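Please look over the sequence and the fold below before reading on. The paragraphs that follow go from a definition to a single strand, then to the whole chain, and finally to its end.

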Amino acid sequence: MSQKYIDYTFAEGAARITLVNGDRGNPVHPESADQLLATVLRAKADGARVIVLASEGRFFSVGGALDGFAVAEDPGALLLELAEGAHRVVTELMRCDAIVVSVVQGTAAGIGFPIAAAADIVLAADSAKFSLAYAKVGLSPDGGGSMLVHTLGLHRVLRLALLGDLLTAQEAYDAGLIARLVSADELASTVNTVVAGLLAGSAEALAATKRLVRDAAEPTPESKLRKEAESISRLCGSASGQEGIQAFLEKRVPQFN
């Protein structure tokens, strides 16, 4: 029996999807990505007007599960499988008629960052942090990390991706990524208030507005995501990618050629 990575509830038009592998930091790997995609599709089939994407534990997500890539016979193929699975999730979140609300209580790192940012509304605690530190492990962004330029701006994304800087919750709010920034104690009530407000609106008008705005920002996200998947897969199979991943797992500084 496979492990359960996702919890799902549906009531009164709102689907709540929760990552429940919090003791490990909610890492993303092919199986958890598949479960997340199946759950998003279930929410669509249930006719959800609002989808809430949240997580348990200290982290929203620590990103991709790098330990599997260090021992895989073909790490590039495994990472391509992961990236393509996660990219289907991101595409569904961006394309569905439901308004997607992500709830970030802690750090969203690696692919966890663009998955959270794929939501239409991002709610966050002041303890939240965001990281695109792929280059530190010899990899390039995936999950829509490159598309964050639409929200955060070119040079901020380059700084995060190339230097591995952390984006604080306040910086993310000031940049427009976060819609509501509150204390951790207020996060749950803020989620309920925002969801209730969305459910009180016209589902048809909200869905039409989402489509118009998203098409104006990025009419072809699938092509961008495919390029990301191909890039990170190639790098994962390279010597520098394997050195970066191994160094991360061994908690040492990588020695890139």
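A residue is called buried here when its relative accessible area is under 20%, and exposed when that value is over 50%, with partly exposed in between. The model is a predicted one, and the values below are computed from it.

With that cut-off in hand, a useful starting point is V52, which is found in strand β3. Because its relative accessible area is 3%, V52 counts as buried. Which residues does V52 touch, if those up to four places away in sequence are not counted? The contacts of V52 are A15, R16, I17, V101, V103, V191 and V195. One of these partners, V195, lies 143 residues away from V52 along the chain, yet the C-alpha atoms of the two are separated by 8.2 Å.

The surroundings of V52 can be read from the strand that holds it. Strand β3 runs over residues 50-55 and is mostly covered, with 6 of its 6 residues buried. Are the two faces of this strand covered or uncovered? Both are covered, since V50, V52 and A54 on one side are buried, as are I51, L53 and S55 on the other. Strand β3 also has a pairing partner in β2, residues 14-19, and the two strands run in the parallel sense over 6 bridges. Within this pairing, R16 stands opposite V52 of β3, and R16 is also among the residues that V52 touches.

Stepping back to the whole protein, the secondary structure comes to 11 helices and 10 strands. The C-alpha trace spans about 55 × 45 × 35 Å along its principal axes. A compact globule of 257 residues would have a radius of gyration near 18 Å, and the 17 Å of this protein therefore agrees with that expectation. Of the 257 residues, 50% are buried, and among contacts between residues at least 6 apart in sequence, 73% join residues at least 24 apart.

The outside of the protein can be described in similar terms. The accessible surface comes to about 11900 Å², and 55% of it belongs to carbon and sulfur atoms. As for charge, the protein has 23 positive and 30 negative side chains, and the centres of these two sets lie 3 Å apart.

Two residues deserve a separate look for their backbone angles. Most residues other than glycine have a negative phi. E12, however, has a positive phi of about 55° although it is not a glycine, and its place is in the loop between β1, residues 6-11, and β2. Because its relative accessibility is 78%, E12 counts as exposed. The other residue is K251, where phi is near 55°, again a positive value in a residue other than glycine. K251 is placed in the segment after α11, and with a relative accessible area of 76% it is therefore exposed.

Helix α11 itself, residues 239-249, holds E243. Is E243 buried or exposed? At 17% relative accessibility E243 counts as buried, because the cut-off for that class is under 20%. Leaving out residues up to four places away in sequence, E243 touches R252, P254, Q255 and F256.

Key: Residues are numbered from 1 along each chain as its sequence is written. This is a predicted model: local features need pLDDT of at least 70, side-chain atom pairs count only at pLDDT 80 or more; totals for chains, interfaces and linings use all residues. Side-chain values use heavy atoms; hydrogens and water are left out. Helices (H or I, at least four residues) and strands (E, at least two) are DSSP runs, numbered from the N terminus. The radius of gyration is taken over C-alpha atoms; the globule rule is 2.2 Å times the number of residues to the power 0.38. Buried means under 20% relative accessible area, exposed over 50%, partly exposed in between (1.4 Å probe, protein chains only). Contact means heavy atoms within 4.5 Å. Accessible areas come from the Shrake-Rupley method with a 1.4 Å probe; for residues, only the protein chains shown count as cover. Lys and Arg count as positive and Asp and Glu as negative; His and the chain ends are not counted. The place of a charge is taken as NZ of Lys, CZ of Arg, CG of Asp or CD of Glu. Two strands pair if DSSP finds at least two bridges between them.
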